[in-house]
Amino acid sequence: MSSQALPQRHRTVAVRIGSVTVGGNAPMVVQSMTNTDTADAIRTAAQCAELARAGSELVRITVNTQEAAAAVPEIRERLDNMDCHVPLIGDFHFNGHKLLAAVPECAQALAKYRINPGNVGRGKKRDEQFAQMIEFACRYHKPVRIGVNWGSLDQELLARKLDENARLAQPLELYDVMHEALLESALSSAAKAEEYGLAHDQIILSCKLSEVQGLVRAYRDLAKRCDYPLHLGLTEAGMGSKGIVYSTAALSILLQEGIGDTIRISLTPEPHAKREKEVIVAQEILQALGLRSFTPQVIACPGCGRTSSDYFQRLAEQIQNWLREQMPIWRDQYQGVEAMSVAVMGCVVNGPGESKHANIGISLPGSGEVPVAPVYENGEKTVTLKGNHIATEFQVLVEAYVQRTYGKV
């Protein structure tokens, strides 16, 4: 996609989170979250490093106990010793004010705090405990994400909004009242944070729902009412294809309208599965929309009666996995390689054409076709492969193309 076709970004202030800038003119930022017990500093640091290697630019960790808070400085130190400087975000619910007070080293080691207004406290304690957390953010010069969630909406605020609505001559539907409560929770909390001393350019907002249309509506309205950077995410998106499709459906609408500054895909992982998939999905959404490039893209046909062999499918998977594995190394060595396209096609119908359109592509023979595989680079046929080692030979050609095209002069 050309730069002229990209949507105009919603105008927001720029917030600095460690070495990462969110909002302003900065590119969209990919965020993820660990699912380890934060008190286990070794496992948590290892997962943070895995997420960072996959391309996560911010990593959020749960800080729910004093043991977890005490482990945060060690996690930061372990990551730095691995030469992994990804900023860490502390996710606080219910007792964050106590943990930051009890473990000041945790408050210092984190790059940002996430506060959920619905889980800060009840009654008079709510404002007091929220103020305490903002005080720590001000003391240690840390930005804050005020993250409202549909599943933990401030019940006192909702009750007040419902009472106000009941007195109207034409009351709104319940869904509309909850929508307004969601937005008011975020915006009023941000206003209070500024009253307590937090700078305008140290605040990020989010309003997360698990329902696609509701999420789109919430962020559209939020973008109209403020210039804070917005963190996008469909909360509790679900598992497998459902989680991917729902997240893509919701976030792509907003991103195409220029709304959003950070993105996180809240996939439910399969048992014992690695956490990096949520990072890959976030990257692929942004890359599909032309907003950023992360990894060379493999173009492959879906297969049909002309492709009775699964050879091209296996080759496409092999090349795609190999490209992603190479990116942590290539990212520094080969500037621009992340925008490269590689075609792995299965028959003569679209194979040569798609291969010519890609930076480098191979057109494998379909059923009944001559058993040869022409390779194209920048639209020109360079070689024809045949025999039992086409996959290995093509991979060698791709690597040579990368070195030749993107290598530093």
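**Entry 1: cavities**

I looked up the enclosed space and found that the largest cavity holds about 60 Å³. The model is a predicted one, in which local features need pLDDT of at least 70, side-chain atom pairs count only at pLDDT 80 or more, and totals for chains, interfaces and linings use all residues. I number residues from 1 along each chain as its sequence is written, and side-chain values use heavy atoms, with hydrogens and water left out.

I worked on a 1 Å grid over the protein atoms alone, where a cavity is a set of points at which a 1.4 Å probe fits but cannot get out, a pocket is an open set with protein on both sides within 12 Å along at least five of seven lines, and lining residues have an atom within 4 Å of a point. Grid points are joined across faces, edges and corners, and a volume is the space filled by probe spheres set on the points. By this rule I count two cavities of 30 Å³ or more.

For the largest cavity I listed Phe-92, His-93, Phe-94, Asn-95, Gly-96, His-97, Ile-115, Asn-116, Asn-119, Val-120, Gln-129 and Met-133 as the lining. Helices α3 (96–102) and α5 (124–139) each supply at least two of these residues; helices (H or I, at least four residues) and strands (E, at least two) are DSSP runs, numbered from the N terminus. I sorted this lining into five nonpolar, seven polar and no charged residues. In this scheme Ala, Val, Leu, Ile, Met, Phe, Trp, Tyr, Cys and Pro count as nonpolar, Asp, Glu, Lys and Arg as charged, and the others, Gly among them, as polar.

The second largest cavity holds about 30 Å³. I found its lining to be Pro-7, Arg-9, Met-28, Leu-255, Gly-258, Ile-259, Gly-260 and Leu-291. That lining has five nonpolar, two polar and one charged residues.

**Entry 2: the largest pocket**

I read off about 600 Å³ for the largest pocket. Of its 26 lining residues, Ala-52, Gly-55, Ser-56, Glu-57 and Arg-331 lie nearest the centre. Two or more lining residues come from each of β2 (20–23), α1 and α11 (311–333). I split the lining into 14 nonpolar, six polar and six charged residues.

**Entry 3: α1 and α2**

I then turned to α1 (residues 41–54) and α2 (residues 66–81), whose axes come within 9 Å and cross at roughly 45°. Axes are lines fitted to C-alpha atoms, for helices over the stretch in contact, and angles run from 0 to 180 degrees between N-to-C directions. The angle therefore makes α1 oblique to α2; under 35 degrees counts as roughly parallel, over 145 as roughly antiparallel, 65 to 115 as roughly perpendicular and the rest as oblique.

I noted a right-handed crossing for α1 and α2, where the near helix is turned clockwise from the far one by less than a right angle. The contact (heavy atoms within 4.5 Å) is made by Ala-41, Ile-42, Thr-44, Ala-45, Cys-48 and Ala-49 of α1 with Ala-71, Glu-74, Ile-75, Arg-78 and Leu-79 of α2. I sorted these into eight nonpolar, one polar and two charged residues.

**Entry 4: α9 and α10**

I found α9 (residues 240–256) and α10 (residues 277–288) packed at about 40°, with axes 10 Å apart. That makes α9 oblique to α10, and the crossing is right-handed. Ile-244, Thr-248, Ser-252 and Leu-255 of α9 meet Lys-277, Val-281, Ile-285 and Leu-286 of α10. By class I have five nonpolar, two polar and one charged residues in this contact. Leu-255 also appears in the lining of the second largest cavity.

**Entry 5: α11 and α13**

I last checked α11 against α13 (residues 390–406): the axes come within 11 Å and cross at roughly 30°. That makes α11 roughly parallel to α13. The crossing is right-handed.
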